[in-house]
Each structure stands twice: as C-alpha cells, then as structure tokens.
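Please load the model in the viewer and set side chains to be displayed as sticks. The tour below proceeds by selection, one charged pair at a time.

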Amino acid sequence: MLFKNGIPAKTPKLLKYFFRNRIWNYTKGKQQVFLTFDDGPTPGVTDWVLDVLNQYNAKATFFCIGKNVQAHKELYNRILSEGHTLGNHTNNHLNGWKTKTTDYIKNVDKAAEEIDSNLFRPPYGKMGFKQAALLAKKGYKIIMWDVLAMDWDKNLTPDTCYQNVINNTEDGSIIVFHDSLKASKNLKAILPEILKNLKLKGFSFETII
C-alpha cells in the first residue's frame, strides 16, 4: 500500500536492489522477524514497549537518538539489561538530505558518545551516498527495513498500522515501529496484537547484531 506521503508500507524490491549495500531484511528459512523501534528512549513509551516485549519473550533492536539517551540513561540501560540491542539514530534526528555531510557525521559521532553500537539507521531513511560511505568506513552496518508500521502518522488508524505489519511481514522481515510520543497512540493499540499474531504464526523475534 502506498500512502499520500509516498512511503510504501512494504519496501519495493527495486529499492532494495539499488541500495543493496544496506540491510533491508534477512535470509528466509528461519521463521524469524526483527522488530525495531526508532526515536527513543522515551519515558512512558519505551518502558511500556519493554514490558510488552517481556510478556511475549520477544527481543528487539532500538535505534536511539543520542540526546534522548543522555536524558534518559536509565531506559537505555534497561534496554541493554533485558537482552535487546541498540543502534545509532543520530544525536538530533537529522535528515541527511538536508544536512552537510561533515555536520551529519559529527552528529552521528556525538550520538556514539552515548550509544555503543555499530548499527546505524538514518532518520527518515534519508542519507546521501557520501554520508553512507563514510559511516560504512567507520564500521557501521546501515540497517533499513522491509516493513513500516507507520505508527507515527496520526492520520492513520491503529487498524491500518496493524494491517501494514500483518499483511507485509514475512520470514526475515525487519519491521519498524517508533517508541516516541508521536507514535504512542497507534503503537500501544497494535503492538500486543501484532506480537500475538506473529507468534501464533510461528515467528520468533530476534535482535539485529
């Protein structure tokens, strides 16, 4: 499904091929999916997500904003202590298409002072070729996605967000949610049901490493 903002819930194969040096999904055959949460940690949201993940024995990867980690270190530490993994999502949620490369890399480096990870996801999925190349040279794996819940979009109903995930997830999918205040209404309505549904289908929920 393609929404008015032009973003597909399921990433097209052509886009994956064109940017094949980035990670969009993992190999099929293991009945695994990879839950990811962007933009946290956020009090009242991230801690709720962690509680729900624990209920379903599910692991996930959290792509954190550096300034949020600095402000909420206790949530960052809880993510780690409960067996989840972390990724860098810049320090200030920068749009790479609108940011000079030197400033973008400095911002990622600033976030890295708080976030110990070689995983990186560009906010909005937007970054330049040079930015990507420089981050790869620093040793980052650039993690994109196969499925978007689009939970941040307040014009979408929880049912639409739910269907985005359930109708498009397959073995090896990397799924994006957001542990942010903006997404919290949709996220809290759909995450338990999505975990329940995918678990009944035989999927396990694994971290990205």
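The following stops concern salt bridges in this model, which is predicted.

Before selecting anything, note the overall tally: ten salt bridges are counted.

**First selection: D146 and K10.** Their side chains form a salt bridge, with an N to O distance of 2.8 Å. Why does this pair tie together parts that are far apart in sequence, 136 residues in all? D146 belongs to the loop between β5 (141-142) and β6 (147-148), whereas K10 sits in the segment before α1 (13-18), so the contact links parts separated by 136 residues in sequence. Colouring by accessibility shows how the partners are placed: D146 is buried, at 1% relative accessibility, while K10 is partly exposed, with a relative accessible area of 22%.

**Second selection: E82 and R78.** Here the side chains meet in a salt bridge at 2.6 Å, N to O. R78 has a relative accessibility of 21% and counts as partly exposed; the limit for buried is under 20%.

**Third selection: E113 and K110.** Is E113 in this pair buried or exposed? With 58% relative accessibility, E113 counts as exposed. Its partner K110 is partly exposed, at 41% relative accessible area. The salt bridge between the E113 and K110 side chains has an N to O distance of 3.6 Å, and the cut-off for such a pair is 4 Å.

**Final selection: K10, K16, K28, D146 and E170.** Select these residues together to see one network, joined by salt bridges that share partners. The selection returns to K10 and D146, the pair that forms the 2.8 Å salt bridge.

How values were computed. Residues numbered from 1 in each chain as written. Predicted model: local features only at pLDDT ≥ 70, side-chain atom pairs only at ≥ 80, totals over all residues. Heavy atoms only, no water. Helix = DSSP H or I, 4+ residues; strand = E, 2+ residues; numbered from the N terminus. Buried < 20%, exposed > 50% of the residue type's maximum accessible area, 1.4 Å probe, protein only.
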